[in-house]
Amino acid sequence: MVKRSVLSVVLASVLGVGMVGATTLATVTFPDTQTSKKSKKSSQPDVVSITENDFDVIKQRNPNFDFDKLKEEQKRGLLEQAINNLLIEREAKKENLEDSEEFRHSMASYKKQLLVEIWAKRKAEAIGKEEIPESRLKEYYEANKSKFVQQEAQARHILVKTEADAKRVISELNKVPKNKLEHEFIKIANRDSIDPNTKNTKNGGDLGKFQKNQMAPEFSNAVFALRPGTYTKKPVKTEFGYHIIYLIKKNEPITPTYAQAKQTIIGILKEHQFQEYVKNELDKLRKRVKIDIKNP
């Protein structure tokens with residue numbers, strides 16, 4: 001149950017190149033190695049700037065990205081990656097990799113994908129400008145009010161690989177007195193859990209506070225069905241493995257008002273509109289062509 005940080009997504013992004021009209025964040029000076037020693041004094045070094053425009057690709061994928069609002073260590077991490085990319089890019093050009101068949105093939109594939117992404121982006125923007133009648137928004141709210149219920153919980157979990165392992169842990173917990181249950185749960189979590197966070201920090205499987213929709217459905221359903229101070233008597237299976245869950249506490253469920261949920265509803269309905277539009281367009285386009293799928 002690992003939550004992805006915004007920074008990890010940002011650092012994984014490929015940095016774009018753009019040098020005009022933005023604040024210079026760093027410069028890299030390359031000596032002119034092609035000039036002979038005799039005339040080197042008169043040669044000009046190659047100075048390349050790294051600016052805010054170098055993060056345009058990140059901005060496209062994360063509209064709320066703002067370099068100035070990052071912590072200093074985050075800024076340093078992005079700048080270091082930008083510099084590394086620049087250095088490798090120049091070496092790749094020296095090795096004439098732009099002329100390689102591999103590069104041309106990759107560029108052709110990227111161009112196809114980019115065209116699809118830009119088409120989808122423009123259609124989504126057009127749909128985003130359309131007004132949704134207030135009556136439809138309210139109708140959706142009334143029909144789906146339960147989906148907007150907010151409830152927070154704090155729980156611990158023990159993650160193991162197999163159902164047999166989970167049953168063994170549950171059997172062990174069943175023998176523990178109620179007043180010692182959480183203490184023993186922490187002990188077993190630190191000993192047996194394969195959750196990386198627990199293994200690294202020995203935090204007793206503490207997941208902190210979370211909303212119901214932040215976890216896998218099977219996990220959340222099990223958590224919110226518990227009473228504080230109790231644990232799951234059957235293994236809870238998710239894509240990560242098998243869990244035994246101990247509920248520390250949970251708040252009473254809160255149903256937001258229509259006004260509070262309105263923007264969320266607009267986003268949901270816009271997404272539905274976009275998906276329906278794409279499906280209809282693809283249905284029309286498929287009727288205009290003959291598709292022959294070869295057996296693999």
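These exercises work through a predicted model of a protein chain, each with a solution in steps.

Residues are numbered from 1 along the chain as its sequence is written. Local features need pLDDT of at least 70, side-chain atom pairs count only at pLDDT 80 or more, totals for chains, interfaces and linings use all residues, and side-chain values use heavy atoms, with hydrogens and water left out.

**Exercise 1. The chain as a whole**

Task: State how many helices and strands the chain has, and what share of the residues is buried.

Solution:
- Step 1. The chain has 10 helices and six strands. Helices (H or I, at least four residues) and strands (E, at least two) are DSSP runs, numbered from the N terminus.
- Step 2. Of the 296 residues, 31% are buried. Buried means under 20% relative accessible area, exposed over 50%, and partly exposed in between, with a 1.4 Å probe and protein chains only.
- Step 3. About 20,700 Å² of the chain is exposed, and carbon and sulfur atoms supply 52% of it. These areas come from the Shrake-Rupley method with a 1.4 Å probe; for residues, only the protein chains shown count as cover.
- Step 4. Now take the contacts with a separation of 6 or more: residues 24 or more positions apart account for 69% of them. Contact means heavy atoms within 4.5 Å.

**Exercise 2. Two crossing helices**

Task: Find how H5 and H10 are oriented to each other, and which residues meet.

Solution:
- Step 1. Locate the helices: H5 spans residues 134–143 and H10 spans residues 258–287.
- Step 2. Their axes come within 9 Å and cross at roughly 100°. Axes are lines fitted to C-alpha atoms, for helices over the stretch in contact, and angles run from 0 to 180 degrees between N-to-C directions.
- Step 3. H5 is therefore roughly perpendicular to H10. The cut-offs are under 35 degrees for roughly parallel, over 145 for roughly antiparallel, 65 to 115 for roughly perpendicular, and oblique for the rest.
- Step 4. List the partners. H5 contributes Glu 134, Arg 136, Leu 137, Lys 138, Tyr 140 and Tyr 141. Among the H10 residues they meet are Tyr 258, Ile 265, Leu 269 and His 272.

**Exercise 3. Salt bridges within helices**

Task: Which residues pair with Glu 89, Lys 279 and Lys 284 in salt bridges?

Solution:
- Step 1. Recall the principle: side chains of opposite charge can pair when their charged atoms come close. A salt bridge is a side-chain nitrogen of Lys or Arg within 4 Å of a carboxyl oxygen of Asp or Glu. The structure holds 16 salt bridges.
- Step 2. Glu 89 pairs with Lys 93 at 3.1 Å, N to O. They are four residues apart in helix H3 (residues 72–94), so about one helical turn separates them. Glu 89 is partly exposed at 30%, and Lys 93 is partly exposed at 42%.
- Step 3. Lys 279 pairs with Asp 283 at 3.3 Å, N to O. These two lie four residues apart in helix H10, again about one helical turn.
- Step 4. Lys 284 pairs with Glu 281, with the closest N and O atoms 2.8 Å apart. Both lie in helix H10, three residues apart. Lys 284 is partly exposed at 43%, whereas Glu 281 is buried at 18%.
- Step 5. Add a network: salt bridges link Arg 168, Glu 172, Arg 191 and Asp 192.

**Exercise 4. Positive phi**

Task: Where do Asn 96 and Lys 202 lie?

Solution:
- Step 1. Most residues other than glycine have a negative phi.
- Step 2. Asn 96 has a positive phi of about 60°. Asn 96 sits in the loop between H3 and H4, partly exposed at 49%.
- Step 3. Lys 202 also has a positive phi, near 55°. Its loop runs between helix H8 (196–201) and strand E4 (206–211). Lys 202 is partly exposed at 48%.

**Exercise 5. Tyr 231**

Task: Is Tyr 231 buried or exposed, and which residues does Tyr 231 touch?

Solution:
- Step 1. Tyr 231 is in the loop between helix H9 (217–225) and strand E5 (236–238).
- Step 2. At 8% relative accessibility, Tyr 231 counts as buried.
- Step 3. Leaving out residues up to four places away in sequence, Tyr 231 touches residues including Ile 170, Leu 173, Leu 226 and Tyr 246.
- Step 4. Tyr 231 and Leu 173 are 58 residues apart along the chain, and their C-alpha atoms are separated by 8.9 Å.
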